[in-house]
Number of protein chains: 2
Amino acid sequence: MGIKKIAKLADVSISTVSRVINAPEKVKEETRERVQKIIEENNYRPNLLAKELLKNKTNLIGVLLPRIDVSIFATAVEGVAKTLNEKGYNILLANAREKVEEEIKYFQLFQEKRVDGILFFTTELKDEHIEIIKKIDVPLVIIGQKNRRIDVPSVLYDYYNASKKAVEYLIERGHKKIAFLGVPETNTYLGQLSKEGYLDALEENGISIKKEYMYIGDFAVGTGYTAIKHIIEKSKEIPTAIYAATDHLAITAMHYLYEKGIRVPEDMSIVGSDDMEISKYTNPALTTIKYDYFGAGVQAANLVLDKVEGKSGVLKTVVIDYTLQERDSTKRIK
Amino acid sequence: MGIKKIAKLADVSISTVSRVINAPEKVKEETRERVQKIIEENNYRPNLLAKELLKNKTNLIGVLLPRIDVSIFATAVEGVAKTLNEKGYNILLANAREKVEEEIKYFQLFQEKRVDGILFFTTELKDEHIEIIKKIDVPLVIIGQKNRRIDVPSVLYDYYNASKKAVEYLIERGHKKIAFLGVPETNTYLGQLSKEGYLDALEENGISIKKEYMYIGDFAVGTGYTAIKHIIEKSKEIPTAIYAATDHLAITAMHYLYEKGIRVPEDMSIVGSDDMEISKYTNPALTTIKYDYFGAGVQAANLVLDKVEGKSGVLKTVVIDYTLQERDSTKRIK
DNA sequence: TTGTAAGCGTTATCAC
DNA sequence: GTGATAACGCTTACAA
């Protein structure tokens with residue numbers, strides 16, 4: 001029992017205690033001090049549940065993501081956390097471990113816990129998602145995907161242009177035999193767009209596309225190793241350059257090249273995508289596309305707060321910019 | 001308005017609606033189905049705030065950590081999340097961005113939000129922490145530190161023995177000139193213990209300690225680079241091996257060696273500590289100490305749940321084991 | 001099998 | 001300045 005106990009001890013009504021906490025200026029100094037003292041002596045903390053129930057406002061944002069131990073999500077959440085906390089909101093973290101049923105479960109939970117808004121990080125939008133999202137009337141922002149069947153603000157990465165630019169960068173340096181290490185296309189935005197960027201860059205430069213230079217792996221860390229091994233073993237002509245859709249792919253591919261004595265960048269150029277913290281320190285340092293994941297988190301948080309706080313004219317889709325970080329993993333040839 | 005609306009629409013009392021949700025077997029099938037249908041038609045979700053207020057139980061665990069975008073924390077949180085979710089608990093995430101005031105603020109918030117338990121990940125226990133922790137009567141588990149002034153269950157990593165073992169491993173391979181790349185000692189457990197392990201290993205093997213072989217950096221990613229640069233430039237005799245207290249230190253040190261044309265392991269052996277996902281793919285693959293961070297999260301979650309659910313005989317301190325992952329970054333000499 | 005009503009800990013309205 | 005009281009949306013005796 002909280003405020004009632006304090007009221008009794010201080011010999012005032014609960015309204016006065018409430019005022020001491022929320023509007024101290026409305027209470028006579030003497031009373032205020034007496035009540036304040038008792039609050040501190042008893043280490044009293046107001047029960048926010050009661051307040052939240054009454055006000056129908058929790059200052060809680062549900063953050064749903066596939067995994068937290070993947071740096072692109074962790075970094076974005078860092079941006080989310082900073083932004084939300086500055087504005088007095090907190091995070092209900094839901095780690096769905098890449099299971100759709102878990103995600104659905106969490107959408108229910110978010111509603112029952114009466115979160116003020118939802119940030120949904122995902123690599124895939126399935127029918128089940130669409131269906132439940134249509135029903136939810138809590139402010140929602142999706143990060144990493146977009147679907148025309150639902151009208152929800154999104155934060156997206158410019159994977160298409162980034163990939164195209166990365167491949168053009170290699171082409172400008174004389175490369176024509178360029179391998180592509182990708183991720184599954186179920187992941188519309190990264191999987192599909194990075195592949196399209198690669199294909200269009202080749203096409204626009206009059207380079208014919210070779211299926212044997214393309215390998216679609218998954219998100220497991222070691223995939224790049226398998227991918228480039230496969231390409232090198234199966235190709236008649238070994239490529240002179242690699243474009244990898246993630247830095248994990250690039251770094252683990254480099255490890256295979258190292259094992260085989262294929263030197264980077266002398267024998268093989270490589271461009272990654274992500275710019276993980278560690279990519280600056282690979283040997284050689286990896287040239288890669290840098291996305292502002294932290295900034296994406298900040299923007300997503302701001303988008304959802306705008307909706308929560310009823311600001312009109314909310315921007316619907318934010319596209320996160322990219323930059324090419326030139327380092328030492330590519331070489332000009334011919 | 002929730003349950004009341006449903007009750008009216010179904011022409012039953014709110015208790016019946018409540019029963020349909022919580023104890024359907026107590027309701028006549030016919031009534032149950034009618035109510036259920038109306039619940040679904042209206043997409044009704046019970047308000048957990050009301051229930052939590054009444055029951056004084058939120059099934060929420062406050063997770064306080066310095067940063068989420070550091071793999072050792074993110075991995076541990078993955079373990080925490082899995083364990084908590086399996087048992088029906090959720091995470092209120094508090095990212096304190098390494099500021100003590102923020103941490104204090106979150107301890108307050110946790111109390112006001114009536115979390116059932118708290119998981120406190122930290123690299124440092126200051127007086128302010130001790131003070132507030134003494135006052136809190138919510139079940140609490142500390143991960144990464146221990147202080148004899150407070151009697152709180154802890155999950156610790158066996159940094160001392162792990163470091164000693166890593167250094168002994170180098171000594172067994174003929175190394176006597178071994179550099180140490182450390183982290184600040186304010187971080188009792190990692191900073192101090194890893195240094196002590198290093199010093200004791202040398203001492204017990206009759207190797208004299210050289211100050212010039214030791215460099216205490218910080219947690220920034222690039223520190224290893226600066227550290228080994230400093231040691232190599234200032235030492236009369238260049239060391240033949242390095243033990244680094246984190247993989248970040250090790251990997252960025254390797255990058256410096258690469259730039260200088262110092263070959264690993266031919267000219268310099270190196271052992272790290274953490275076994276990050278990527279460490280298997282450095283060139284050469286990094287020999288390092290592996291800690292089970294995921295398991296630490298699981299154990300911490302279980303500890304706090306045991307306290308929350310009032311199980312007696314709670315284990316007070318859990319020490320997380322380590323293993324040495326032998327890979328290709330060390331060489332036997334002489 | 002179902003309904004009534006008290007109570008969880010607050011805030012807010014209105015009176016004194 | 002201060003106090004009584006209704007209300008927030010639920011669960012749970014207890015009564016019917």
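Student: Which residues come nearest to DNA strand D?

Tutor: This is a predicted model. In it, A:Arg19, A:Thr31, B:Ile3, B:Ser18 and B:Tyr44 come nearest, out of 26 residues around DNA strand D.

Student: What makes a residue count as near the strand?

Tutor: One of its heavy atoms must lie within 4 Å of the strand. Of the atoms of DNA strand D that come within 4 Å of the protein, 60% belong to sugar and phosphate.

Student: Why is the approach of A:Thr16 to DNA strand D called a polar contact?

Tutor: An N or O atom in the side chain of A:Thr16 is 2.7 Å from a phosphate oxygen of DNA strand D. The cut-off for a pair of N or O atoms is 3.5 Å, so the pair qualifies. B:Asn22 has a side-chain N or O atom 2.8 Å from a phosphate oxygen of DNA strand D. That pair is within 3.5 Å too, so it is also a polar contact.

Student: What makes B:Ala50 a polar contact of DNA strand D?

Tutor: Here the protein atom is a backbone N or O, and its partner is a base nitrogen 3.4 Å away. The limit is 3.5 Å, so this pair counts.

Student: Which elements give two or more residues to the surface near DNA strand D?

Tutor: They are α2 and α4 of chain A, together with α2 and α4 of chain B. α2(B) gives the most, with 5 residues. By class, this surface has 11 nonpolar, 9 polar and 6 charged residues.

Student: What surrounds DNA strand C?

Tutor: There are 26 residues, and the closest are A:Ser18, A:Tyr44, B:Ser15, B:Arg19 and B:Thr31. Sugar and phosphate make up 59% of the atoms of DNA strand C that come within 4 Å of the protein.

Student: How do you know that A:Ser18 makes a polar contact with DNA strand C?

Tutor: A polar side-chain atom of A:Ser18 lies 2.6 Å from a phosphate oxygen of the strand. The cut-off is 3.5 Å, so the contact holds. A:Tyr44 places a side-chain N or O atom 2.7 Å from a phosphate oxygen of DNA strand C. A:Ile3 has a polar backbone atom 2.8 Å from a phosphate oxygen of DNA strand C.

Student: Now the two chains. How many residues does each give to the contact?

Tutor: Chain A gives 54 residues and chain B gives 54 residues. Together the chains bury about 5,400 Å², with 56% of it on carbon and sulfur atoms.

Student: Why is the link between A:Glu52 and B:Lys113 called a salt bridge?

Tutor: Their closest N and O atoms are 2.7 Å apart. A side-chain nitrogen of Lys within 4 Å of a carboxyl oxygen of Glu is enough, so the name fits. The rule finds 2 salt bridges across this interface. The count of residue pairs in polar contact between the chains is 26.

Student: Which elements of chain B touch chain A with two or more residues?

Tutor: They are α4, α5, β2, α6 and α11. α5(B) has the largest share, 7 residues. This side of chain B divides into 26 nonpolar, 15 polar and 13 charged residues.

Student: How do you know that β2 of chain A and β2(B) pair?

Tutor: DSSP must find at least two bridges between them. There are 3, so the strands pair, in the antiparallel sense. A:Leu93 stands opposite B:Ile91 there.

Conventions: Residues are numbered from 1 along each chain as its sequence is written. Chains are lettered from A and ligands numbered from 1 in the order in which they are written. This is a predicted model: local features need pLDDT of at least 70, side-chain atom pairs count only at pLDDT 80 or more; totals for chains, interfaces and linings use all residues. Side-chain values use heavy atoms; hydrogens and water are left out. Contact means heavy atoms within 4.5 Å. Buried area is the accessible area (1.4 Å probe) that two parts lose on being put together, summed over both. A polar contact is a pair of N or O atoms within 3.5 Å; within protein, one must be able to donate a hydrogen and the other to accept it, and residues adjacent in sequence count only if both atoms are side-chain atoms. Helices (H or I, at least four residues) and strands (E, at least two) are DSSP runs, numbered from the N terminus. Ala, Val, Leu, Ile, Met, Phe, Trp, Tyr, Cys and Pro count as nonpolar, Asp, Glu, Lys and Arg as charged, and the others, Gly among them, as polar.
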